[in-house]
Amino acid sequence: MSEASSAHLVLHFDVNETIMIGDPAGGDTYDDSLNKILAKSAFCRATGPLGKNGACDITPTAWHDGTPMAESPPAPPPLQPGWTFDTPPGAAAFYKQPALKRAHAKKFADAGSPGAVYAAQRERCRAALRWAHAPHPALSSEDGAGTLLPAFYRTLDWLRRSGRSFSVVLRTFGSDLPRVQAAINAFARGEHPDYPEGAPGLELPAERMWRGRGDEGGRVS
């Protein structure tokens, strides 16, 4: 094993819209959050130079391929999550257009929104996130989805199986960390039906949970 691959790996995860859908502290329901995730992957045809925050002076009215937002094409333009940090010339992020974000982000794929053309993609996401086993007090939620994203568990399991030394750091501005703690502990104990071997070393005891407070200088204590 190389020196790089044997180094201790520390993974930092925000919670909301990263390993968990929904943001109660931010006022977002599960559906709000799912819609926002899709909205952040949607791109428009820019109507001019992008401002500092990625907004056009004139609100775009067409998707990135030129399809008018007012139309309902049988095959909508592909969502482009890979453009989030590398937007190509001529494109503009839907979510960064103030008028579009304000009016449609939380209802992006609902009827009446330009993003209604992506309703089928939203349903595919909802189906992929659905908890496929008997309800579990920590691993599943009342909306029928898993508490945490399936990819998060797969990542932890792959790292455990690889023998890599690693730690996970979680952070949130909300009040949902106890739910995340309970889900990770259930996974670690082997209660997740897809990962019966568990991962005992990943349990999060109370003494490893901290509540921080930031000051005006950005310091956290």
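A residue is taken as buried when its relative accessible area is under 20%. By that yardstick, 41% of the 221 residues in this predicted model are buried. The protein has 6 helices and 4 strands, and from the N terminus on these elements run α-β-α-β-β-α-α-α-β-α. Along the principal axes, the C-alpha trace spans about 55 × 45 × 40 Å. As for how the chain folds back on itself, take the contacts with a separation of 6 or more: 58% of them join residues 24 or more positions apart.

Now to the inside. The largest nonpolar core has 26 residues, and the members that touch the most others are Leu-148, Phe-152, Leu-170 and Val-180. Four elements, namely β1 (9–14), α5 (150–162), β4 (166–171) and α6 (177–188), each put at least two residues into this core. The largest share belongs to α6, with 7 residues. Leu-148 gives a feel for how the core is knitted together: leaving out residues up to four places away in sequence, Leu-148 touches Ile-19, Met-20, Tyr-153, Val-180, Ala-183 and Ile-184. Apart from the largest core lies another one, made of 13 residues, with Met-69, Ala-105, Phe-108 and Tyr-118 among them.

Two of the contributors to the largest core, α5 and α6, also pack against each other. Their axes are 12 Å apart, at an angle of about 45°. Since angles from 35 to 65 degrees are neither roughly parallel nor roughly perpendicular, α5 and α6 are therefore oblique to each other. The crossing is right-handed. On the α5 side the contact is made by Phe-152, Tyr-153, Leu-156 and Asp-157, which meet Ala-183, Ile-184 and Phe-187 of α6. Sorted by class, that comes to 6 nonpolar residues, no polar ones and 1 charged. Some names here are already familiar: Phe-152 is one of the residues touching the most other members of the largest core, while Tyr-153, Ala-183 and Ile-184 are among the contacts of Leu-148.

A second helix pair is formed by α2 (30–39) and α4 (residues 119–129), whose axes come within 11 Å and cross at roughly 125°. That angle sits between the 115 degrees that ends the roughly perpendicular range and the 145 above which helices count as roughly antiparallel, so α2 and α4 are oblique to each other. Here, too, the crossing is right-handed. Tyr-30, Asp-31, Leu-34, Asn-35 and Leu-38 of α2 meet Arg-122, Cys-125, Arg-126 and Leu-129 of α4. The class tally for this contact is 5 nonpolar, 1 polar and 3 charged residues.

Arg-126, in helix α4, is worth a look within this pair. Neighbours within four places in sequence aside, Arg-126 is in contact with Tyr-30, Asp-31 and Leu-34. Arg-126 and Asp-31 are 95 residues apart along the chain, yet their C-alpha atoms are separated by 9.2 Å.

One backbone detail rounds off the picture. Glu-17 is not a glycine, but has a positive phi of about 60°. Glu-17 sits in the loop between β1 and α2. With a relative accessibility of 21%, Glu-17 counts as partly exposed, because the buried class takes in values under 20% and the exposed class those over 50%.

Technical notes: Residues numbered from 1 in each chain as written. Predicted model: local features only at pLDDT ≥ 70, side-chain atom pairs only at ≥ 80, totals over all residues. Heavy atoms only, no water. Core = buried A, V, L, I, M, F, W, Y, C linked by side-chain atoms within 4.5 Å. Buried < 20%, exposed > 50% of the residue type's maximum accessible area, 1.4 Å probe, protein only. Contact = heavy atoms within 4.5 Å. Axes fitted to C-alpha atoms, helices over the stretch in contact; angles between N-to-C directions. Left-handed = near helix turned anticlockwise from the far one by under 90°. Nonpolar A, V, L, I, M, F, W, Y, C, P; charged D, E, K, R; others polar.
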